[in-house]
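Q: Please take a close look at one part of this model for me, starting from a single position in a loop and working outwards to its surroundings. I would like one connected account that I can follow with the structure open beside me.

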Amino acid sequence: MTTGIATIPQQSSVPVTAVPAATVAHFQETFADRPTLRLGTRPSPMALAQARLVRQRLLLLGVEVEIVPITTSGDAWSGDLAELGGKGQFMKELDRHLLLGEVDFSVHAVKDIPGDVPLARGTSLVAFLPREDVADVLVTRSSSTYTSLEEMPAGTRIGTSAVRRKAQLLRHRPDLHVDRIRGNVDHRITRLDSEGAWEALVLNAAGLRRVHAEHRSSQVLDLDVMCPAVGSGVIGLQAKMADTDLVELLRMLDHADTRTCVTAERTMLHTLQGRCNSPIAGHASFTADGQLSLRGMVFSREGGRFVYSQEWEKPNRAVELGAWVGADLLRKGARDIIVGNAR
């Protein structure tokens with residue numbers, strides 16, 4: 001029997017959590033007669049890094065985990081995801097493996113979970129790991145003489161994978177030329193350095209850390225310049241609700257404050273019914289006096305039109321807060337912008 005206290009290692013900004021020995025013993029006994037748990041994930045370096053973090057935490061609860069990489073049509077496609085039906089393509093194959101029992105649970109970057117597509121029947125996001133850094137950062141070409149957006153002259157070419165980033169870059173600097181560039185983070189950085197087509201990329205700070213490339217960041221973009229995606233910096237775990245033992249285990253990894261923030265953000269996203277080609281930003285956080293703040297923004301693709309809303313509520317009213325901000329954005333014209341982007 002395990003004795004003492006097991007400690008979950010710190011991963012960037014993720015806090016350390018102590019696990020009582022009695023808890024470890026309980027889950028060791030519960031899962032002793034089951035086959036090794038299978039964790040489904042996309043095969044990208046960043047997705048695998050997320051899966052390894054989850055496995056590491058579950059090992060400290062006394063439970064073995066096997067990582068099962070699943071290549072999706074979204075991973076194999078190099079074009080615009082909108083042509084495949086959006087980011088939901090990343091989940092369809094994972095959902096199929098989960099529902100068929102080929103994996104026991106799956107891991108997702110919450111920012112990639114659509115707001116207009118329901119989760120697979122009988123499944124739920126049963127745990128959210130503590131939120132990591134939500135900021136986007138500027139990564140300049142290795143031979144660049146620039147270190148910030150402010151230094152870059154008109155016409156400078158910037159690459160990004162997200163329509164949300166493109167819209168906000170052009171809103172902040174309409175004189176820049178912003179291109180869409182897809183692929184794994186390390187592949188995008190390699191292209192940045194080798195092709196010379198772009199002066200810089202905009203990437204997520206937490207994602208850079210997961211692939212050990214944080215040293216490439218030259219500027220952290222202020223949240224007023226680059227509002228994050230809904231669910232940014234959060235890892236979510238999806239499982240079948242009927243597997244009650246597994247749900248109980250995974251809920252040991254759930255972080256209450258992160259769940260509160262994600263609930264507000266995703267309620268707003270669901271209210272907007274935005275698609276992957278709809279530049280939508282949303283960020284919930286706690287204020288110094290304990291209130292829950294939610295800001296939401298919807299942009300046209302080029303950033304020329306946008307609507308903004310922000311409201312505060314008690315943390316136990318995260319759903320109401322998300323619904324209110326989403327409805328306020330719709331009252332201000334978000335639906336026209338979303339429909340216009342889909343054309």
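A: The helices and strands named below are DSSP runs, helices of at least four residues (H or I) and strands of at least two (E), and they are numbered from the N terminus. With those labels, the place of isoleucine 181 can be given as the loop between β9, residues 177–180, and α6, residues 185–195. The model is a predicted one, with an average pLDDT of 89 over the protein and a score of at least 70 for 88% of the residues. One stretch calls for caution when reading the picture, since over residues 1–16 the pLDDT stays under 50, and for this stretch the model has 40 contacts beyond four places in sequence.

Although isoleucine 181 sits in a loop, its relative accessible area is 2%, and because buried means under 20%, it counts as buried. Once neighbours within four places in sequence are set aside, the residues in contact with isoleucine 181 are Gly159, Thr160, Ser161, Arg188, Arg191, Trp198 and Leu201. For one of these, arginine 191, the separation can be stated in two ways, as 10 residues in sequence and as 9.5 Å in space from C-alpha to C-alpha.

Thr160 leads on to another buried position, for it is in contact with isoleucine 181 and is also touched by lysine 166. Lysine 166 belongs to helix α5, which spans residues 163–172. Despite being a lysine, this residue has a relative accessible area of 17%, so it falls under the 20% limit and counts as buried. Besides Thr160, and not counting residues up to four places away in sequence, lysine 166 touches Val178, Arg301 and Glu302.

A second loop makes a useful companion to the one that holds isoleucine 181. Leucine 221 is found between β11 (217–220) and β12 (235–240), and at 5% relative accessibility it is buried as well. Its contacts, again leaving out residues up to four places away in sequence, are with Ala135, Asp136, Val137, Leu138, Leu149, Val202 and Met226. The C-alpha atom of valine 137 is separated from that of leucine 221 by 5.4 Å, while these positions lie 84 residues apart along the chain.

The loop on the other side of β11 gives a contrasting case. Histidine 212, in the loop between α7 (205–210) and β11, is exposed, with a relative accessible area of 64%. It also has a positive phi of about 60° although it is not a glycine.

Widening the view to the nonpolar interior, the largest core has 27 residues, and those with the most contacts inside it are Leu37, Val54, Leu58, Phe105, Leu237, Leu249 and Leu250. Two or more residues of this core come from each of α1 (21–30), β3, α2 (45–59), β4 (65–69), β5, β6 (123–128), β12 and α8 (244–250). Leucine 250 shows how such a position is surrounded, as it touches Leu58, Phe105, Val126, Ala127, Leu237 and Ala239, not counting residues up to four places away in sequence. Another core, of 19 residues, lies apart from the largest one and includes Ala264, Leu269, Ile280 and Ala284. In soluble globular proteins, nonpolar side chains tend to be buried together.

Charged pairs complete the picture, and a search of the whole structure finds 21 salt bridges. In one of them, arginine 38 pairs with aspartate 104, with 3.2 Å between the closest N and O atoms. This pair links distant parts of the chain, 66 residues apart, with arginine 38 in strand β3 (residues 37–41) and aspartate 104 in the loop between α4 (89–99) and β5 (105–109). The partners differ in their classes, arginine 38 being partly exposed at 26% and aspartate 104 buried at 13%. Another salt bridge joins lysine 111 to aspartate 112, with the closest N and O atoms 3.1 Å apart; here lysine 111 is partly exposed at 32%, whereas aspartate 112 is buried at 12%. In a further salt bridge, the side chains of aspartate 254 and arginine 259 meet at 2.9 Å, N to O, and both residues are partly exposed, aspartate 254 at 24% and arginine 259 at 26%. Salt bridges that share partners also join Arg34, Arg38, Asp104 and Asp243 into one network.

Note on methods
Residues are numbered from 1 along each chain as its sequence is written. This is a predicted model: local features need pLDDT of at least 70, side-chain atom pairs count only at pLDDT 80 or more; totals for chains, interfaces and linings use all residues. Side-chain values use heavy atoms; hydrogens and water are left out. Buried means under 20% relative accessible area, exposed over 50%, partly exposed in between (1.4 Å probe, protein chains only). Contact means heavy atoms within 4.5 Å. A salt bridge is a side-chain nitrogen of Lys or Arg within 4 Å of a carboxyl oxygen of Asp or Glu. A nonpolar core is a set of buried Ala, Val, Leu, Ile, Met, Phe, Trp, Tyr and Cys residues joined through side-chain atoms within 4.5 Å. pLDDT is the predictor's confidence in each residue, from 0 to 100.
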